[in-house]
Each structure stands twice: as C-alpha cells, then as structure tokens.
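Student: Could you take me through one part of this protein up close? I would like to look at the nonpolar core and at what is packed around it.

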Amino acid sequence: MTSHQSESKAASWYLVQTKPNAFRMAERNLLRQDFSVFSPTQIQTKTHGTRVRHSVQQLFPGYLFVSFHPELPRWRAINATSGVSRLVTFGGVPSPMPHALISGLRERCANDGSLLSPDRLIVGDRVRIVSGPFADYVATVEQIDRDKRVWLLLDILGGGTRTQISIGQIQKAG
C-alpha cells in the first residue's frame, strides 16, 4: 500500500522491519501517525495439481519503506509503533535508501503498491526473474499468453530449459 501524505522533497525513504505476521498492523499504525508508507507487492501464482491459487505477496517480506525527515524528532516513534520490530539503522543512525532504488520501484508500481506488468514485453526480450526459485536468472521470452503467463527459455548448465512464469515475477533485463 502506498500513501503520499506528508511527503515533500526533503524527506527520504528508510527501511523498517516488521514483526512476524504484523505487516498490516505496522503499516496501518504508521499511516495513522502521518508517515508515508510504501510496500511493493506482486501477485504470486501457485499450482497444486490442477488448482491454481493467486495471492498478493510483499516484494520484500517483513519489510516496508517509510518516508520522514531525519532532522525532526518524530521519526523516533517508529520503533515504538505497534507491529514494527525496528527501523533499520547503521551505528544507531537511520540510513536513507538510495533515491534511484525507491523511485525505480515506485515507477513500476500502481498507486496501491502492486507491481505493474513490464511495458511492451515481446518474444525474444531478455528478462530477469525477480522472485521464485529462479530469482536473479536472466532468460529469454519465448511465448506470452493471454492469461499474463510467460514462457521463458532459461540457459541452465549449457542447456535450454523452458519454464512458465507469471508476468509479475519478471522485469526487462537492462
């Protein structure tokens, strides 16, 4: 979920670790305190025999991004927020996330934080798998079907392996 409340150019994005199974609680309570929160999500597709199950999963399970001004003391309330385990710090000081990382993620997400489909994906494109058992592999798009499933050709151990994956699990390789 994304909120653009109280956000200005001087605020930076920081990483917050949530307590186990308390992500929604942490997000809700941070929003109530007027912090801007960003947590990219994706649709995860699992098959069990002939049954296909779709669920919304966090791109970074157990973490979310929060925007604040480090000069203002109110950010210290984050660690005391219900559902939050801790604000990730280095040497006791919160370290901002790289602007390019956050802006790149936000450009690829809809207003609700869900990852958008890659633009103009065509057969022959090189893509990087961002989640699942083949995360970080680069593959070639072999076929795209109307159900937003993509057939990829992976080069594993010198041989081509064909696999099917959800379009939300890939991004164009740079």
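Tutor: Happy to! Keep in mind that this is a predicted model. The largest nonpolar core has 15 residues, and those with the most contacts inside it are Val16, Leu30, Val66, Phe68, Ile78 and Leu87. Four elements each give two or more residues to this core: strand S1 (12–18), helix H1 (23–32), strand S5 (63–68) and strand S6 (84–87). H1 supplies the largest share, 4 residues.

Let's stay with the helix for a moment. Buried in H1 are Phe23, Ala26, Glu27, Asn29, Leu30 and Leu31, so the list of buried residues is not restricted to those that can count towards a nonpolar core, a set of Ala, Val, Leu, Ile, Met, Phe, Trp, Tyr and Cys. The buried residues of H1 pack against S1, strand S2 (36–38), strand S4 (51–58), S5 and S6. After H1 comes aspartate 34, which has a positive phi, near 65°.

Now turn to the sheet. Its 4 strands are arranged in the order S2-S5-S1-S6, and this open sheet has antiparallel pairing. S2 and S6 are the edge strands, each pairing on one side only. From one strand to the next, the twist averages 35°. Within the sheet, S1 and S5 are joined in the antiparallel sense over 6 bridges; to find this pairing on your screen, look for tryptophan 13, whose bridge partner in S5 is serine 67. H1 packs on the sheet and touches S1, S2, S5 and S6, while its direction makes about 10° with that of S5.

For a view from a single side chain, try phenylalanine 68, one of the residues with the most contacts inside the core. Leaving aside residues up to four places away in sequence, Phe68 touches Ala11, Ser12, Tyr14, Phe35, Trp75, Ile78, Leu87 and Pro94. Ile78 and Leu87 are also among the residues with the most contacts in this core.

Apart from this core lies another, of 11 residues, including Leu121, Val150, Leu152 and Ile170. Some strand pairing can be followed further along the chain, too. Strand S9 (residues 126–129) pairs with strand S10 (residues 138–144) in the antiparallel sense over 3 bridges, and arginine 128 stands opposite valine 138 in S10. S10 is also joined to strand S11 (residues 149–156), by 5 bridges and again running antiparallel. There, threonine 140 has leucine 153 in S11 as its bridge partner.

How values were computed. Residues numbered from 1 in each chain as written. Predicted model: local features only at pLDDT ≥ 70, side-chain atom pairs only at ≥ 80, totals over all residues. Heavy atoms only, no water. Core = buried A, V, L, I, M, F, W, Y, C linked by side-chain atoms within 4.5 Å. Buried < 20%, exposed > 50% of the residue type's maximum accessible area, 1.4 Å probe, protein only. Contact = heavy atoms within 4.5 Å. Pairing = 2+ DSSP bridges. Axes fitted to C-alpha atoms, helices over the stretch in contact; angles between N-to-C directions.
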